[in-house]
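User: Can you walk me through this one? I'd like the overall fold first, then the charges.

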Amino acid sequence: MSEPSTAPESAAPVHAEPIVNRLSIQVATVNGSGSQTANNTLLRAIFQMGIPVSGKNLFPSNIAGLPTWFTIRANADGYTARRKEVDVLICMNAQTAKQDVADVPAGATVIHEEGLKLSDLRDDVDFYPVPFQKMVRDVCPVVALRRLVVNMLYVGVVAELIGIEIEEIDNALTKAFSTKPKALDLNLAAVRAGLTWAQENITGRPRFRVERMDKTTGKVLVEGNKATAIGCLFAGVTLAAWYPITPSSSVTESLIDLAAKYRIDPETGKQNIAIVQAEDELAAIGMVIGAAWAGARSMTATSGPGISLMSEFIGLSYYAEVPAVIVNVQRTGPSTGLPTRTMQGDTLFCAYNSHGDTRHPCLYPANIKEAYEFAQVAFDAAERFQTTVFLMSDLDLGMNLWMADPFEYPQKELDRGKVLDEKGLAEAVDWGRYKDVDGDGIPYRSLPGTPGGKGAFFTRGSGHDEYAQYTESGDAYAANVDRIQRKIQGSADVLPQPIVDGTGNAVGLIAFGTSDDAIGEARDQLRVEDGIETDYLRIRAFPFPDSIRDFVEAHERVYVVEQNRDGQMRMMIGMEMPDLAPQLTSIKHYTGMPLDARTVSEAVVSLEKKGS
Amino acid sequence: MGAAPKTNHIGLSVQEYKGGVSTLCKGCGHDVITNTIISAFYEMGVEPHMVAKLSGIGCSSKTPAYFLNQAWGFNSVHGRMPAVATGAALANRKLVNIGISGDGDTASIGMGQFVHLMRRNVPLIYIVENNGVYGLTKGQFSATADEGAKLKNGTVNDLPAIDLCTMAIELGCGFVARSFSADRKQLLQILKAAIAFGGTCMLDVMSPCVTFNNHEGSTKSYDWGRDHEGPIHEVGFVPGWDTPNVDFNDDRVAVPMPGGGSVWVKPLENTNHDPRDKAAALKLLASDHQNDDEFFTGLMYVNPERESLQDDMDMPADPLWNLPIDKLRPSRDKMDEIVESLR
């Protein structure tokens, strides 16, 4: 499923000059056919050849049988955002083959199962029919395995046709099947068979090629969810409670794997972490809050529907001031929505979640580095500010493979916030759980089980005074929620600050999270193709610091780019700084697909034309 | 000089176990339970600061404010106390957890969490202060109201009651009892045994609502309760520090508790029930309310063999907040190992 487009990366005719290390490969298969390993093998081999690469898995909410597409983009300039156009299409799914072929731009290469008989569909693309089904019968005597092994045949054919080094395919496969030597041999043989067939039977070669370069040295390939799990591990998480939900499950599942290796106490043999699969999201967040109240570094990972269920507890966390880290790997809503597609659709929902006046710190990771580092920021902030902190990832970041620098070992100690132990409680003068002693709105808490007879207090979601006593006094209520408001706004100075690139231009772009990848490429397109220079501010956290105001005020026109229908971040900037609202224009993308650069640059050009 | 105040075996007076003044209606059954809790924790010599008092929402859920002022309390979300208690118990397994719920909080909005709490065997004394009505919202039926029971305004309950004891036993709970707030003597013994049990204890305590469900036609009123209570045995508890090895030379059945001491039951004139017999417990509960509307009280089922959730999860003895950073954050070498696996 590529999106029909009139703007291919290069509009050269068939058989024109070779295009090296600038291509998108799309594999169209059937869900549950085991093609993921084959596709990751192609991706990893290109990565090992030193070429910047990304993979986007477009899969259905289904176990087996529905169409799925995997797109690999290799780009020498390091552009790894999704590209709408497909250069090399591998058609393995009869259900979608005709439409897949119709959608590729002129000049594309189509490798397909011979039996699909696609070659007559168009005369402006290169067809490479391959007898995959026939070949697999020769390679794989076990009938039941053929469905899986056929994928490795296309790996071999594609490797030969576009120049992926066979040694790197072997390396990638060896990694994938490190614990299954039998399967490895079978898959290696299948790749060889595909490769040899292509060598012997195909004379011409597509103009799209890959060649070894050195732009991935030292880098890793990892999904954002795994990066977040690693971040949580190093952030000292001690309790994770969760309920399975796409696309967040692999956060906790990765944490379970990591904990089994790195959290078993060498002295006692005990688990230095509790991971509980709860009966639903209500229970998951309840456990997180109960554990955090008793002093654990607690988290859950979920997606939009889970946040909807957690909302009552999130209000309790805010008002009773109990820390919680919620990783929200966003998917396309509302309701069940498109469970396997991406969106920044919970931006507004999380920032002001739950009934009554609330405001929650949110972190917006844009890449693997931040998926990892912001997990640590989230735990520190949750305990420092004694409140729920959202780590706002999305399906694109969480479930796709991204190229990244290795994780940096954390430099900072854990921030456990203002906790009074027995000595601290003994020294405190007239301690009250909700008293603002330091003028920053952050009170001191104590943990259950602290001896000395001075720390006990009653946590409640009902009205309470500075000493945690029940009250329905309007003045006490107002003073309390004003203090909480000051406390939360204070987090703006501590949370990751916006990153600004460029200054002095009339046009400013604001974006956040996974839009970043496409924005960088779009700005280059605007500069090179349209002569439009832009400055760019990337929001990394809510509540907003003043630098966002400064950026908006310094630009004549500001476009807020986001992946939702309503321009939720634009609304939030407008709500928090109402005087700036008229200056903001939305550029929105909400097809459930990751944002691509062309969508942004075309929108800017069009809006600029309208404006001038 | 007056006499020194009476103290328990850790040297604390009963005063140290008291809480704030109750704001419930005068005569509320819940206040009797509150006072019995105070007595039980005092007599058992539990350190108050090691107690976590948890609750959901409702009249019953307010009561943790009325006992053990030196313990940490958490009045959480309607029907969700089990999850909060589970989290707290995992975070610090040294805490003695007591959760107070009501029939609405447990049998309606909280049924899902109740079920899973019973499955997990979280160390928690879970008390349902069961009066068959929603008090704070002025007297609607709850899901434990008996079929045919009448509200003050004449409305008759047409739905069968949920039997929480039967559910708890079937779901794997290892300590299941039913009592009546007017039978303070029995409740106190059951509570003391529960403190020594160490897993989930489900105590369904009929606790009349004097304002909305204490009238003629109610099956949760004081009068109805007094007229119909049928104790299935006499229950007692012998603390560990008193008699480490219990050897009764009579017809009592004693079951040692993991936390020390033994709970015992003794046949009554016309009835007997061995709480170790799960099938007998379920059979007994199935016949509850059948003969002359008698409702059974006593220790329905006890099985101290089951592992607690924390043991099952291999949790450390120390609270999780106390783990030093080097036990939480893997070394640089381990980070290199993780990074290498991603290349």
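Analyst: Below we go through the fold, then the surface, then the salt bridges. Keep in mind that this is a predicted model.

User: How many helices and strands does chain A have?

Analyst: Chain A has 19 helices and 23 strands. Its radius of gyration is 27 Å, close to the 25 Å from the globule rule for 612 residues, so chain A is as compact as a globular protein of that length.

User: What does the C-alpha trace span along its principal axes?

Analyst: For chain A, about 85 × 65 × 40 Å.

User: What share of chain A is buried?

Analyst: Buried residues account for 61% of the 612. On the outside, chain A exposes about 22400 Å², and carbon and sulfur atoms supply 51% of that.

User: And contacts? What percentage join residues at least 24 apart?

Analyst: 76%, counted among chain A contacts between residues at least 6 apart in sequence.

User: Switching to charges. How many positive and negative side chains are in chain A?

Analyst: There are 58 positive and 79 negative ones. The centres of the two sets lie 3 Å apart.

User: How many salt bridges does a search of the whole structure find?

Analyst: It finds 53 over all chains. One of them joins A:R22 and A:D77, with the closest N and O atoms 2.9 Å apart. A:R22 sits in strand β2 and A:D77 in the loop between β4 and β5, so the pair ties together parts 55 residues apart in sequence.

User: How accessible are A:R22 and A:D77?

Analyst: Both ends are partly exposed: A:R22 has a relative accessible area of 31%, and A:D77 has 45%.

User: Got another pair? What does A:E168 meet in a salt bridge?

Analyst: A:R212, at 2.7 Å from N to O. This pair links distant parts of the chain, 44 residues apart: A:E168 is in helix α5, and A:R212 is in the loop between β8 and β9.

User: Is A:E168 buried or exposed?

Analyst: A:E168 is buried, at 10% relative accessible area. A:R212 counts as partly exposed at 45%.

User: Which side chain of chain B does A:K270 meet?

Analyst: B:D314, in a salt bridge of 3.7 Å. It crosses between chains, from the loop between α8 and β11 of chain A to the loop between α10 and α11 of chain B. A:K270 is partly exposed at 26%, and B:D314 is partly exposed at 33%.

User: Last one. Which residues are linked in a network of salt bridges?

Analyst: A:R297, A:D380, A:E383, A:R416 and A:R445 are linked that way.

Technical notes:
Residues numbered from 1 in each chain as written. Chains lettered and ligands numbered in written order. Predicted model: local features only at pLDDT ≥ 70, side-chain atom pairs only at ≥ 80, totals over all residues. Heavy atoms only, no water. Helix = DSSP H or I, 4+ residues; strand = E, 2+ residues; numbered from the N terminus. Rg over C-alpha atoms; globule rule 2.2 N^0.38 Å. Buried < 20%, exposed > 50% of the residue type's maximum accessible area, 1.4 Å probe, protein only. Contact = heavy atoms within 4.5 Å. Areas by Shrake-Rupley, 256 points an atom, 1.4 Å probe, with all protein chains shown as cover. Lys, Arg positive; Asp, Glu negative; His and termini not counted. Charge placed at Lys NZ, Arg CZ, Asp CG, Glu CD. Salt bridge = Lys/Arg side-chain N within 4 Å of Asp/Glu carboxyl O.
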